[in-house]
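This briefing concerns one protein structure with a bound ligand. Please consult the sequence and the coordinates alongside the text.

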Amino acid sequence: MGESENAAVYFVDRHVEEGRADKVAFREADGRKRSLTYGQLAEEASRFAGALYRHGVRREERIAMIVRDQIEFPVVFWGALKAGAIPVPLNTLLSSAVYEDILNDSRASILVVSEQLWEVVEPAVQGNRFLRAILVIGEAPRGTESYAEFIRDAPPQPAVEAHGDELAFWLYSSGSTGTPKGVRHVHASLKATVDTFGRQVLGIREDDTVYSVAKMFFAYGLGNAMSFPMAVGATTILYGGRPTPDAALEIMKTERPTVFCAVPTLYAALVAAQEKAGGKPDHAIRICTSAGEALPREVGERWEKLWGAEIVDGVGSTEMLHIFLSNRPGDCVYGTSGLAVPGYEVRLVDEHDEDVAEGEVGELLVRGPSSADGYWNRRSKSMSTFQGHWTRTGDKYERTPAGRFVYCGRTDDMFKVSGIWVSPFEVEQALVEHPGVLEAAVVPKADDKGLEKPKAFVVLKSGTCAEDVGDLKEFVKQKIGMWKYPRWIEFVDDLPKTATGKIQRFKLRESV
Ligand code: 3SK
């Protein structure tokens, strides 16, 4: 083998060789406000790798991480890669029952957990037959070990040689439905997302400071907050708490990020909060990204007016690791997901896998250098999703005459009204254009003749009540046409969402 393609060499150790050892790689915006330089990260990750060896961990053993966005996250992730073990960052908002399933499914032998999350994790580890150590970052309760003790005096271990095609890490994806699946990624994929979206679309730079509201356990956050900034020697702001609009505004003001990455729900909430407060926000942002679901046009336009910075809206997936379809800085058309990211190809196909004609809706397929190696222990699902070089996304899109892609919903969210397809997203987009509406979700509901019609769940902006918004049905009719308007409207306090901000329409469908 030639030079090692272990991703930790490129993302971590290279910075020391290139003279960036003293540059701050990560800075916490909460808690003890600790920071970690590139040099400290290289050393600590090598010590974590050494501690894993000392504990008898072998290559490809899984290291489950239920870790908040804090400086230990990159140490454990890169340390595991250095050791040739497989870090498996997990969503920090899951229930005990789901953690139990995932820990059993992955057969992780080591679990690293933030002390704040132990209460939920504890019931999940009772009776687990695979875990050989549970490392708690912070105060270690009985039956666990302290993470700090685990790495104390461990002999630093350099990164093992690895091939770019070798498995590096897993992410668990639950998508908008179903039980989580382990998505297996290889070493080369991290750099592939940097060389495509990171450099050619986002244009990340060494002098950037990044703040990603999307946490690092999520593929979108992992790229935003870790691989993109670390590829160029930039600095990332970490925030372990809940990313409320107030917290995000405070971080923008005090930490001065230049790159801001969030999801549509938070952009909508930030715009509403700023409009209510009046004036302009205090910030240093030069560029923003949005993913997780399509950004409503209205939200993008209002954000840009207030912040004076564009939101580059794109689409990615855990299976493709990051964004493969995106708008471009200086050429953002809100309400569209833009064009294929350089390095990726996309197709829209019908139910026979034939390319659809221009203007028709089809399922989006993608091919590119960062696709996953497959799902863990889900052979049939792997075969139906990863078809040769192409990956099925399960998203429905339409291409405009200008070649831009417009989101129409998930394949399983679309429904027909009077024989014509309705995209819930189009109806939701029309609803959020109403000044009193914060968010909306639309699902089919059978009428008294058993025929499906749209039903909307609507969250109003704070300080607005149902009587204030007038006739929302008529508002939608005027915007998008007679048959698509919601026949029923239910006002709710919030919508069911995945931890990454995707609306769980299946839960609303079940409720009707
Ligand atoms: O949902 C998305 O758009 C996304 C973007 C980047 C990485 C991962 C995901 C799921």
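The points below treat the ligand site and then two of the sheets. The model is a predicted one. Of the 13 residues around the ligand, Phe218, Tyr220, Gly292, Gly316 and Lys502 come nearest. One open sheet has nine strands with mixed pairing, and another open sheet has three strands with antiparallel pairing.

**Ligand site**

- Glycine 292 places a backbone N or O atom 3.0 Å from an oxygen atom of the ligand.
- Glycine 316 likewise has a backbone N or O atom at 2.9 Å from a ligand oxygen atom.
- The side chain of lysine 502 contributes an N or O atom that is 2.7 Å from an oxygen atom of the ligand.
- On its own the ligand has 280 Å² of accessible area, and the protein covers 97% of this.
- Two or more residues of the shell around the ligand come from each of the elements α8 (219-232) and β14 (311-316).
- By class, the residues of this shell comprise seven nonpolar, five polar and one charged.

**Nine-strand sheet**

- The strand order in this open sheet is β2-β1-β11-β10-β12-β13-β14-β15-β16, and the pairing is mixed.
- The edges are occupied by β2 (35-37) and β16 (339-340); each has a single partner strand, so one side of each lacks a neighbour in the sheet.
- Strand β1 (residues 24-28) runs parallel to strand β11 (residues 235-238), and three bridges join the two.
- Arginine 27 stands opposite isoleucine 237 in β11.
- Strand β14 links the two topics, as it belongs to this sheet and also gives two or more residues to the shell around the ligand.

**Three-strand sheet**

- The order in this open sheet is β8-β9-β19, with antiparallel pairing.
- Because β8 (167-173) and β19 (374-375) stand at the edges with a single partner strand each, one side of each is left without a neighbour in the sheet.
- Strand β9 (residues 181-186) pairs with β19 over two bridges in the antiparallel sense.
- Arginine 184 has glycine 374 in β19 as its bridge partner.
- Helix α7 (residues 187-202) packs on this sheet and touches both β8 and β9. The direction of α7 makes about 80° with that of β9.

How values were computed:
Residues numbered from 1 in each chain as written. Predicted model: local features only at pLDDT ≥ 70, side-chain atom pairs only at ≥ 80, totals over all residues. Heavy atoms only, no water. Pairing = 2+ DSSP bridges. Helix = DSSP H or I, 4+ residues; strand = E, 2+ residues; numbered from the N terminus. Contact = heavy atoms within 4.5 Å. Axes fitted to C-alpha atoms, helices over the stretch in contact; angles between N-to-C directions. Near = heavy atom within 4 Å. Polar contact = N/O pair within 3.5 Å; in protein donor to acceptor, adjacent residues only side chain to side chain. Areas by Shrake-Rupley, 256 points an atom, 1.4 Å probe, with all protein chains shown as cover. Nonpolar A, V, L, I, M, F, W, Y, C, P; charged D, E, K, R; others polar.
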